[in-house]
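Work through the exercises below with the model open. Each one sets a task and then solves it step by step.

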Amino acid sequence: MKIDFKPLKALELLDDLIYQGEDIFSWDQKKTDQMQFMLISEAFKYHYANCYSYREYCDRFKFNPSSIKTIKDLNNIPLIPSALFKEQNILSCLPDQIVKVCESSGTKGTVSKVYRDGDTLNRFLGSLQSSLDQLYCIDDAFCINLGPSSEEAGDLWFSYAMSVVDMVFPTENFIVDGVFYPEKAIERIYQTVNDNNYENLVITGAPVMFIELLSYMNEHNIKIDNSEKIYFVTAGGWKRFSGQAISRTDFWQMLSERFLNADYQNFRDTFNMVELNTILPECECQVKHVVPWVKVLIIDPVTGTPVEDGDVGLVAFLDPSAKSYPCFVLTDDIGRTSLIGKCKCGRGGQGLEIIRRVKSVESRGCALKMDKIYAKN
Amino acid sequence: MVRVQGGVTKMILDYQEKIINIENSSKETIHCVYNYTNKELPLIVIPPQFEKTIRTNLTTMLYLINNGFNVLRFDNRNHNGNSTGRIQDYSLGGAYDDLVEVVNFIKEGPVVETENGMGILGISIASRIIYRYLSLNKNVFDVFVSLAGVVNMKYTLNSILGYDIVQEYLSEPNRDFGIKKVLKYPIDYNNFLHNLVNLSLHTLESTQKDIDRIVTPISLIVSENDKWIDYNECSEAFKNNADILVEMFKLPGAGHELYKNPQSAEVALNKIVELFRTHWNMTNENYIHKPEITEIISLNKLERERERFYINL
């Protein structure tokens, strides 16, 4: 008796790339364009059909799915200013499909709310896993999170996103019941470095929380030897609540004075924001690599059109991985494309440099909120 | 007994959890986690995949427990997880012995109830061990479902490592193969290869011989783009005993590591629930309850804490 394999439901192309893509940073521009055209135009069609408020918004620009005929037309997809997520519930699915309400941290009270369904949250986790696999290349690590657990983070996206590393690596959180415990974090760092139970140690947190940790180490004259295998992963803004900017160079100087033999290649900043469903991690050359299914546009704030490669402008994302809301977002971050083609690390694609936030009435940023709440120094 | 709090859940049923530490004759511990809602439901045993632990099969457990089954997961000795020993000393023979110990404990009763049936779910390398178990132990399990199951260790190791280490061992059995990684963790290859070949667990032919002796009904779910398994070999292994094959399914586009691919995993887990339900004629149940990712994230944290607690013991 011969039985044949019956096919089950096929994996969607985008999910294949997110969850299983192994060569995504080696694509040439032609392949990237083809994929972006296919995936982003499909996502636009979906959100235009399923998100009433976005459709109305697009109609004002006289832009609809038939407006996308070539890759260049993706540049004209109506972008949602991130501030709009503070004012409206923007949804492309039924409310009962939402599994996580994700909030930004308006430091003066107003917050953005982004609604994620299971597929969207899973894809976010997929981007986290692929970052670790493909840009950090870490197999086995223990993670020290200078932030709260996912339960304590509640709806605050930044903290939640940092804490879900627990899905990949064993993680311990060092903000508990709203209190940061630097002495316990140091004890755990020391133990992990010396036990050799893990190949690597990953310390994650907002730059301000690292500064809190380093200040404590400084005050108590604590140094960690053998820091070669520690990854220092920062995320969130590089500005303090006081308005003072944190220099990356000074930060590394402080860090390397306390973590002896730390490797600069293991110092990785990461970009994400509540409205973006993908993580943009840095490679060992400190370039923030953009996964090829996400298109980054740098927009001239005056004309509203994309600037030349390398020029500075407002950062915008076309991210097809979000299903529950249209992730076609104009941010209030100023940046530029720092890479088109081959990086020194060997990976290719688009690289992004975030320069600063637009000066606005309300300072917005999760790291700022962490600074306001937890930082003493 | 731990009662898992319903507070973190939205879709998941409240379930009970019992930790069982089985001691073998060498005074080594096999750490098991038994989850159940109603002890009268059929039991599904889930051995670990290579390098993985009880926690890795959390989502699988949640699908089964929410859809009419109890689940017993365990950690292999000489492996990651909470059983005795380091992964460096892992061998398939050792993993086989663990399955024997666990099943003997279940059969002895009365801790784990199996009056209404017992099935086994094998994922990846665990399937190869289960084929051997079923060939030597008839009428213990009522049904076996294999997901991305290994049938040819020689092929799988060759695909992972990029060279035919089994052939090298067969050519030079006295060579020192040292301690090296297979995937993420270093393994003592001398012990691993010697055990694999000595127990004849290394080739497709050896799997065929095992399958020839099996009477348990088996269903297969394979991944179409599995780089570590030639899925055609999965059916080929049944060429002399096709009558025990109930159904075979293919996950189009999926690779081997389904724990990284929730979309294909969901499709596979739905099918696994259906296959077990069909076996026990649970035909009045059509709807499949699915855990939400937020629930999995919360429960994963609890399982991490449990893992840490038992490591400290």
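Two strands count as paired if DSSP finds at least two bridges between them. The model is predicted.

**Exercise 1. Find how S1(A) and S11 of chain B pair, and which salt bridge goes with them.**

Step 1. S1(A) pairs with strand S11 (residues 245-251) of chain B in the parallel sense, over two bridges.
Step 2. Look up A:Lys6. Its bridge partner in S11(B) is B:Phe249.
Step 3. Now take the side chain. A:Lys6 forms a salt bridge with B:Glu247, at 2.3 Å from N to O. This pair crosses between chains, from strand S1 of chain A to strand S11 of chain B.
Step 4. Check exposure. A:Lys6 is partly exposed, at 39% relative accessible area. B:Glu247 is partly exposed too, at 23%.

**Exercise 2. Describe the interface between chain A and chain B.**

Step 1. Count residues. 42 residues of chain A contact 41 residues of chain B.
Step 2. Take the area. The two chains bury about 3600 Å² between them, and 55% of that is on carbon and sulfur atoms.
Step 3. Count the polar links. There are 19 residue pairs in polar contact between chain A and chain B (both at pLDDT 80 or more).
Step 4. Assign the chain A side. Elements that give two or more residues include strand S1 (6-7), helix H1 (13-20) and helix H5 (118-136). H5(A) gives the most, with six residues.
Step 5. Sort by class. The chain A side has 19 nonpolar, eight polar and 15 charged residues.
Step 6. Count salt bridges. Seven run between chain A and chain B. One of them joins B:Arg304 to A:Asp166, at 3.4 Å from N to O.

**Exercise 3. Trace the open sheet of chain A and explain its edges.**

Step 1. Write the order: S6-S5-S9-S10-S11-S12, six strands with mixed pairing.
Step 2. Find the ends. S6 and strand S12 (280-281) each have a single partner strand, so one side of each has no neighbour in the sheet.
Step 3. Examine one inner pair. Strand S5 (residues 141-145) and strand S9 (residues 200-205) of chain A run parallel over five bridges. A:Ala141 has A:Asn200 as its bridge partner in S9(A).

**Exercise 4. Is B:Arg132 buried or exposed, and what does its side chain meet?**

Step 1. Place the residue. B:Arg132 sits in helix H3 (residues 125-136) of chain B.
Step 2. Apply the cut-off. Buried means under 20% relative accessible area. B:Arg132 has 13%, so B:Arg132 is buried.
Step 3. List polar partners. A polar atom of the B:Arg132 side chain lies 2.9 Å from the backbone oxygen of B:Leu199. For the backbone oxygen of B:Ser200 the distance is 2.8 Å.
Step 4. Add the other contacts. Beyond four places in sequence, B:Arg132 touches residues including B:Tyr96, B:Leu201 and B:Asp210.

**Exercise 5. Explain what the salt bridge of B:Arg77 and B:Asp98 ties together.**

Step 1. Confirm the pair. The side chains of B:Arg77 and B:Asp98 meet at 2.5 Å, N to O.
Step 2. Locate both ends. B:Arg77 lies in the loop between strand S5 (70-74) and helix H2 (92-108) of chain B, and B:Asp98 lies in helix H2, so the pair ties together parts 21 residues apart in sequence.
Step 3. Check burial. B:Arg77 is buried at 10% relative accessible area. B:Asp98 is buried at 0%.

Notes
Residues are numbered from 1 along each chain as its sequence is written. Chains are lettered from A and ligands numbered from 1 in the order in which they are written. This is a predicted model: local features need pLDDT of at least 70, side-chain atom pairs count only at pLDDT 80 or more; totals for chains, interfaces and linings use all residues. Side-chain values use heavy atoms; hydrogens and water are left out. Contact means heavy atoms within 4.5 Å. Buried area is the accessible area (1.4 Å probe) that two parts lose on being put together, summed over both. A salt bridge is a side-chain nitrogen of Lys or Arg within 4 Å of a carboxyl oxygen of Asp or Glu. A polar contact is a pair of N or O atoms within 3.5 Å; within protein, one must be able to donate a hydrogen and the other to accept it, and residues adjacent in sequence count only if both atoms are side-chain atoms. Helices (H or I, at least four residues) and strands (E, at least two) are DSSP runs, numbered from the N terminus. Ala, Val, Leu, Ile, Met, Phe, Trp, Tyr, Cys and Pro count as nonpolar, Asp, Glu, Lys and Arg as charged, and the others, Gly among them, as polar. Buried means under 20% relative accessible area, exposed over 50%, partly exposed in between (1.4 Å probe, protein chains only).
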